[in-house]
Amino acid sequence: VPRCYLNKQLATVRVVKGEPAELSCTVSKDDVTGTWFKDGLKLTSMEGVVFEKKGLVHKLMINKAQDIHAGKYRFEGGDVKTEASIFVEDPPQVDKMLLKNLTRVPTVAKAGQGVKLRIPFEGRLPIRATWLKDSMELADDSRIRVDKTDTFTMLSIPSCQRKDGGDYKVRLKNDSGVLEINLKLVVMDKPQPPSGPLKVIESSTNSITIQWQPPKDDGGKPVQRYIVERQQVGKKEWETLGETPRSCTTFTTNKVEEDTSYYFRVRARNAEGTSDALESGEVKALGKATPGAPEPPEVISASRDSITICWKAPHKTGTSQIVGYIVQKRKKGTMTWLPVTSGPVKDKKLKVPSLKKGVQYEFRVAAVNAAGTGDSSAPSQPVFARDPTKSPGQVQDLKVSSCNSTSVTLTWSRPEVKDGNDVKGYEVEMRLPQSPTWSRCLTLPAEATTCTLKGLQAKEKYLLRVRTINDSGPGEATELEALLEAAA
């Protein structure tokens, strides 16, 4: 309790409004009757004031100091006459329960939500209210409003952003003192994108592994997982490859094609939503180190104990130059492939000797480069080891007899039969102009002179050929070109 002992000349008392205060004076004789004055007027009674005398001590006690109690007091008794002044201080104050709630628990809002922080106060006017964030005073702008009246101050943010979160301070000040209140605002949002760059840490012919870093800002809530997407260069669609848990910032995809380029992107997700994407530059899957598979070899000629074949280099040669080819053979109907030579063949043509007469053989080849032996081709057409008979000759008058948007019908005439070169059947083959490879469509008996090819594409151009077959194999092909009609 602020006290003033007037006879010791401690003549000033400062008391906070609502708090008790006390003035006392000691006289020399017990029978002295003292008198109290305030601002020159004799005090006989006063609201909130109690007068007391105990022996030589005379007291003036104020239970709860108010503005009316401020002033100059004087005590007179016997030979004692002295004075003192009481100043009632009224600094800014905020309700204690409200103050406890504001400072103990942070205010939490989601991004886009509005927030209002209202603080009512009391104290001697005028009271200056100041809002600060990160030690910088806040003022009205296009997003934030600071309101001030004689009884409250309020901070309003109509649409919170993540950057609005942080430590705030409200400073209330008047002539009697200063009150500072520390507040915390937390704004929850989706995460920022994962931190880049998006790196390729491993690339092969059939897999790519990428790596990234966690977002610099998780949005106020932990990242739950990462979503990985991929787009092939030249295409519009993004494909979702999968997800990783929050602890994993690498991803491996096996869904790649060699020598093909892709873009990758990664998004972070928390309970509030999914971040924008971190995108990679162009990423190319490596080409295979060994060569690709050649086309099936073709049979040039056959005799009773040898067969001559030829083949073309594969389209994909690998990462180094082709140095030769491995040639293998097997009897038709068996599973075991046997080498034809002891090492690679440098030429793309080979006569295979020491065959058994009347046995049907198949052949396949594989290219070799510095990295090793590549994939083997598909088997050749089966061929008998026997002396050749005469070619069956070419079909005659090959033409398109009818055509629509999805099919074409061919007709032809049989070749002339001479000296035992009887026709045993026909092969019908097709290819697109841009493709070097013929595809077998139909094998027909000898009596057939027409066929229909279905399931074709409208307005597409096709190259077609028909060739005869006899015991010596296929004869020379007759070719024509067909253009399908537009769809109705």
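**Exercise 1. Work out whether Asp-67 is buried, partly exposed or exposed, then see what its salt bridge connects.**

*Solution.* Keep in mind that this is a predicted model.

Step 1: Asp-67 has a relative accessibility of 42%. Buried would need under 20% and exposed over 50%, so Asp-67 counts as partly exposed.

Step 2: Now look for the partner. Asp-67 makes a salt bridge with Arg-124, and their closest N and O atoms are 3.2 Å apart.

Step 3: Find both on the chain. Asp-67 is in the loop between strands E7 (57-62) and E8 (71-77), while Arg-124 is in the loop between E11 (115-120) and E12 (128-133), so the bridge ties together parts 57 residues apart in sequence.

Step 4: Check Arg-124 too. At 27% relative accessibility, Arg-124 is partly exposed.

**Exercise 2. Which parts of the chain does the salt bridge between Arg-267 and Glu-229 tie together?**

*Solution.* Step 1: Start with the contact, where the closest N and O atoms are 3.3 Å apart.

Step 2: Arg-267 belongs to strand E23 (residues 261-270) and Glu-229 to strand E20 (residues 225-232), so parts 38 residues apart in sequence are tied together.

Step 3: Compare the burial classes. Arg-267 is partly exposed at 21%, whereas Glu-229 is buried at 10%.

**Exercise 3. Find the salt-bridge network that includes Arg-467 and Glu-427.**

*Solution.* Step 1: The side chains of Arg-467 and Glu-427 meet in a salt bridge of 3.6 Å, N to O.

Step 2: Arg-467 sits in strand E40 (residues 461-470) and Glu-427 in strand E37 (residues 425-431), so this bridge spans parts 40 residues apart in sequence. Both residues are buried.

Step 3: Follow the shared partners, and you get one network of Glu-427, Glu-429, Arg-440, Arg-465 and Arg-467.

**Exercise 4. Decide whether the aromatic pair Trp-311 and Tyr-325 is stacked or edge-to-face.**

*Solution.* Step 1: The ring centres are 5.7 Å apart and the planes make an angle of 65°.

Step 2: Over 60 degrees counts as edge-to-face, so that's the label for this pair.

Step 3: Trp-311 lies in the loop between strands E28 (307-310) and E29 (324-331), and Tyr-325 in E29, 14 residues apart. Trp-311 is buried at 6%, and Tyr-325 is buried at 4%.

Step 4: For another pair, try Tyr-361 and Phe-363: at 6.5 Å between centres and 25° between planes, these rings are stacked.

Terms used:
Residues are numbered from 1 along each chain as its sequence is written. This is a predicted model: local features need pLDDT of at least 70, side-chain atom pairs count only at pLDDT 80 or more; totals for chains, interfaces and linings use all residues. Side-chain values use heavy atoms; hydrogens and water are left out. Rings of Phe, Tyr and Trp (its six-membered ring) pair if their centres lie within 6.5 Å; planes under 30 degrees apart count as stacked, over 60 as edge-to-face and the rest as tilted. Helices (H or I, at least four residues) and strands (E, at least two) are DSSP runs, numbered from the N terminus. Buried means under 20% relative accessible area, exposed over 50%, partly exposed in between (1.4 Å probe, protein chains only). A salt bridge is a side-chain nitrogen of Lys or Arg within 4 Å of a carboxyl oxygen of Asp or Glu.
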